[in-house]
Amino acid sequence: AVVGLGVVQRATSNPAVEAMGSLREREAELNNDLQTLRTAAGFYDDAVAEAIRLSELATPVFASLEGQMDAGPLQAAEAQRVRLASAVVNPQKVTIPEYERPRINESSLASVGKGLDAVRKVRDGIPALLAEVRDARSSLAQVLSDFRTSLRAMGANIESVAASQIEPNDSADEGFRAAVQDAVNGLRQAQLGGSDGLAEMSTYSAALSTLRAEHDRVREELGVSSPPTTGTRSAGSSRGGQTTTPPATPGNGQDPGGQGGEGATPDPGGSSGGSTPQPSPSDSSPGLPVDPTTPPVDGLPTPGATG
């Protein structure tokens with residue numbers, strides 16, 4: 001029994017055996033470090049993909065919103081979009097180290113020591129790689145945050161100017177105006193829920209463009225060329241599908257008095273240009289009565305003369 005116990009003690013105190021236990025522990029720690037690096041790299045890759053998506057999606061939306069909102073917020077957002085696109089032109093490249101245990105003799109302390117050196121070499125490079133990818137992700141996250149802030153400012157501006165964009169287009173049917181307001185409401189709800197709102201901005205732009213086109217179509221159909229007054233109809237408004245025009249004024253484009261001046265007295269004799277001429281006395285008035293006792297100016301007619 002004493003001999004057996006001594007054999008066990010010699011086996012468990014073998015330096016190579018203890019070194020193998022240490023190697024397995026270091027390899028487990030290395031795998032944890034590598035997984036941490038993979039996770040950080042995955043987060044960064046996701047941020048890069050999101051930045052590319054937002055930049056590409058925003059480009060046509062911003063172009064369509066020109067003239068449909070205030071220029072200031074739109075220009076500020078475009079500047080942030082350019083900054084975002086530039087941040088991912090050359091993204092950080094993260095290379096995950098590979099580790100594979102070298103062929104070793106587990107009974108040889110020197111051989112196991114080479115395995116420990118291989119683990120240490122890989123682990124020593126991980127902190128620098130991890131710091132680089134985390135810094136890159138942090139910088140990109142800030143740019144993304146700034147861009148999203150500019151998108152929220154755009155949404156707030158669209159909501160504030162929506163009424164002024166809708167009201168001038170009063171010739172279109174109410175349904176077209178309601179569609180624009182619904183798009184504005186959808187944009188507000190989306191951004192309150194954490195969305196970037198770009199899809200809803202596109203919906204707003206399309207609805208407003210359709211409203212304007214319908215307004216112009218109706219006015220062209222009615223033959224109205226002057227710009228409408230906000231909230232009111234113009235003089236040439238539609239009644240029963242036809243265009244009504246103001247009644248023509250009498251005279252040559254003047255007031256009924258014929259003089260065109262304020263307070264002028266109407267000319268009963270038709271002295272103003274273009275008025276209806278009055279009949280002369282010789283045309284319509286009967287002759288003066290003749291007194292039989294008064295001889296004619298030219299004398300009496302001679303006998304036998306014919307009248």
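Asp117 is partly exposed, its relative accessible area coming to 43%. Its salt-bridge partner is Arg120, and the closest N and O atoms of the two sit 2.7 Å apart. Arg120 is partly exposed too, with a relative accessible area of 43%. Both residues belong to helix α4, where three residues, or about one turn of the helix, separate them. All of this comes from a predicted model.

Zooming out, the protein chain has seven helices and two strands. Followed along the sequence, these elements come in the pattern α-α-α-α-α-α-β-β-α. The protein chain has 307 residues, and buried ones make up 27% of them. Its accessible surface comes to about 19500 Å², with 54% of that belonging to carbon and sulfur atoms. As for contacts between residues at least 6 apart in sequence, 75% join residues that are at least 24 apart.

Back to the charged side chains. Opposite charges on side chains can pair when the charged atoms come close. Searching the whole structure turns up 16 salt bridges. One of them joins Arg101 to Glu27, with 2.7 Å between the closest N and O atoms. Arg101 lies in the loop between α3 (71-87) and α4 (109-166), while Glu27 lies in helix α2 (residues 15-64), so this pair ties together parts that are 74 residues apart in sequence. The two ends of the bridge have their own surroundings: Arg101 is partly exposed, at a relative accessible area of 32%, whereas Glu27 counts as buried, at 11% relative accessibility. The label for Glu27 follows from the cut-off, because buried means under 20% relative accessible area.

Another salt bridge pairs Arg188 with Glu159, and here the closest N and O atoms are 2.9 Å apart. This pair also links distant parts of the chain, with Arg188 in helix α5 (residues 174-192) and Glu159 in helix α4, 29 residues apart. Both side chains keep some exposure: Arg188 is partly exposed with a relative accessible area of 29%, and Glu159 is partly exposed with 37%. Salt bridges also join up into a network, which links Glu25, Arg26, Glu29, Asp33 and Arg123.

Now for the nonpolar side of things. In soluble globular proteins, nonpolar side chains tend to be buried together. The largest nonpolar core in this model has 41 residues, and Phe62, Leu65, Leu140, Met154 and Met201 are the ones with the most contacts inside it. Helices α2, α3, α4, α5 and α6 (198-222) each supply at least two residues of this core. Its largest share, 13 residues, comes from α4.

Met201 gives a close-up of the packing. Leaving aside residues up to four places away in sequence, Met201 touches Val61, Leu65, Leu151, Met154, Gly155, Ile158, Leu187, Gln191 and Asp196. A second core, separate from the largest one, has ten residues, including Leu34, Leu116, Val119 and Val122.

Key: Residues numbered from 1 in each chain as written. Predicted model: local features only at pLDDT ≥ 70, side-chain atom pairs only at ≥ 80, totals over all residues. Heavy atoms only, no water. Salt bridge = Lys/Arg side-chain N within 4 Å of Asp/Glu carboxyl O. Helix = DSSP H or I, 4+ residues; strand = E, 2+ residues; numbered from the N terminus. Buried < 20%, exposed > 50% of the residue type's maximum accessible area, 1.4 Å probe, protein only. Core = buried A, V, L, I, M, F, W, Y, C linked by side-chain atoms within 4.5 Å. Contact = heavy atoms within 4.5 Å. Areas by Shrake-Rupley, 256 points an atom, 1.4 Å probe, with all protein chains shown as cover.
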